[in-house]
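Trainee: Please take me through the salt bridges of this model in detail, with burial of the partners where it is available. After that, add the sheet and the helix that packs on it.

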Number of protein chains: 2
Amino acid sequence: MTDLSLMLNVNMLEEKIIEKNIAVICDCPITAAIGIVGGKWKPVIIWILIDGSRRFGELHKTIPGIALKVLSRHLKELEADGIITRKVYAEVPPRVEYALTEKGRSLNDVMQLFADWGRKNIINA
Amino acid sequence: MTDLSLMLNVNMLEEKIIEKNIAVICDCPITAAIGIVGGKWKPVIIWILIDGSRRFGELHKTIPGIALKVLSRHLKELEADGIITRKVYAEVPPRVEYALTEKGRSLNDVMQLFADWGRKNIINA
DNA sequence: CTGTATCCCGGCTGATACTG
DNA sequence: CAGTATCAGCCGGGATACAG
């Protein structure tokens with residue numbers, strides 16, 4: 001399982017790289033996954049959305065320090081990669097809700113484990 | 001568990017931020033963990049080292065595209081954060097072995113889960 | 001409210017040369 | 001072999017201002 005020989009062959013991955021236009025350099029699933037959720041803020045966005053859908057402004061307030069432009073682009077990319085959905089309500093003032101897709105929710109276990117590791121090894125280090 | 005209320009309080013985290021000089025902006029364990037293993041190449045380095053210790057040159061060859069400078073810095077940072085060890089052999093030619101620490105190996109489960117997710121959702125998407 | 005446009009800057013990359 | 005030094009260029013992120 002931890003054997004490098006289990007890494008996917010380059011050709012298989014290259015198809016997906018071209019197809020999905022993902023920047024993958026190393027032929028391993030870790031790098032591939034990072035291409036999707038590897039942005040500086042994407043894991044945080046997903047982590048927040050696990051708790052339920054959020055509006056654009058809520059996300060901006062919840063994540064201190066993120067630039068509007070970056071938040072906007074990350075949300076677009078996550079939507080394009082099928083991780084989140086974007087629902088626009090034709091109201092005044094406008095309202096936009098972001099939520100995880102099934103694929104996005106499948107990241108739940110990873111995120112929980114990752115968060116657990118963070119608590120144990122950083123906070124209580 | 002997915003409740004934001006479970007996020008750690010800011011003060012607790014700030015101590016560690018100052019102490020460890022980690023760039024953490026959002027007060028959640030996810031962001032904290034990203035401060036450690038969130039570099040563009042760090043997860044890949046860890047993923048490779050799970051398979052066993054590697055020399056500097058091996059890492060460089062195994063990760064196509066990474067700049068020597070960046071690999072060098074990432075290794076230093078991972079060592080400083082207690083994720084990997086650096087053992088120098090006084091030989092000619094010199095040899096340097098990088099390996100995971102106990103703390104680094106504790107990332108195994110996360111990495112495996114992350115890799116599994118990558119295989120399922122990107123390769124077979 | 002929900003973004004986009006703009007400018008700026010630091011970081012990553014890439015190549016090469018050089019040290020121990 | 002295992003890095004560091006240097007210079008170059010590009011890309012992404014950050015802050016502010018503005019638009020629908």
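Mentor: This is a predicted model, and A:D51 is a convenient place to begin. A:D51 is partly exposed, because its relative accessibility of 28% lies above the 20% limit for buried and below the 50% limit for exposed. Its salt-bridge partner is A:R54, with 2.9 Å between the closest N and O atoms. A:R54 falls on the other side of the lower limit: its relative accessibility is 14%, so it counts as buried. This bridge therefore joins a partly exposed acid to a buried base.

The pair A:D116 and A:R119 can be described in similar terms. Their side chains form a salt bridge with an N to O distance of 2.7 Å. Both residues belong to helix α7 of chain A, which covers residues 108-123; they are three residues apart there, so about one helical turn separates them. A:D116 has a relative accessible area of 27% and is partly exposed, while A:R119, at 18%, counts as buried. Chain A also has a network in which salt bridges with shared partners connect A:K42, A:R73 and A:E77.

A further salt bridge links the side chains of A:E97 and A:R95, at 3.3 Å from N to O. The acid of this pair, A:E97, is buried, with a relative accessible area of 15%. Over all chains, the number of salt bridges comes to 14.

Now to the sheet, in chain B. Three strands make up an open sheet there, in the order β1-β3-β2 and with antiparallel pairing. The edges are formed by β1 (54-55) and β2 (84-89) of chain B, each of which pairs on one side only. In general, strands in a sheet are paired through hydrogen bonds of the backbone, in a parallel or an antiparallel manner. Between β1(B) and β3 of chain B, residues 95-100, the pairing is antiparallel and runs over two bridges. In one register detail, B:R55 has B:E97 of β3(B) as its bridge partner.

Helix α3 of chain B, residues 42-50, packs on this sheet and touches β1, β2 and β3 of chain B. The direction of helix α3 makes about 95° with that of β3(B).

Methods. Residues are numbered from 1 along each chain as its sequence is written. Chains are lettered from A and ligands numbered from 1 in the order in which they are written. This is a predicted model: local features need pLDDT of at least 70, side-chain atom pairs count only at pLDDT 80 or more; totals for chains, interfaces and linings use all residues. Side-chain values use heavy atoms; hydrogens and water are left out. A salt bridge is a side-chain nitrogen of Lys or Arg within 4 Å of a carboxyl oxygen of Asp or Glu. Buried means under 20% relative accessible area, exposed over 50%, partly exposed in between (1.4 Å probe, protein chains only). Helices (H or I, at least four residues) and strands (E, at least two) are DSSP runs, numbered from the N terminus. Two strands pair if DSSP finds at least two bridges between them. Contact means heavy atoms within 4.5 Å. Axes are lines fitted to C-alpha atoms, for helices over the stretch in contact, and angles run from 0 to 180 degrees between N-to-C directions.
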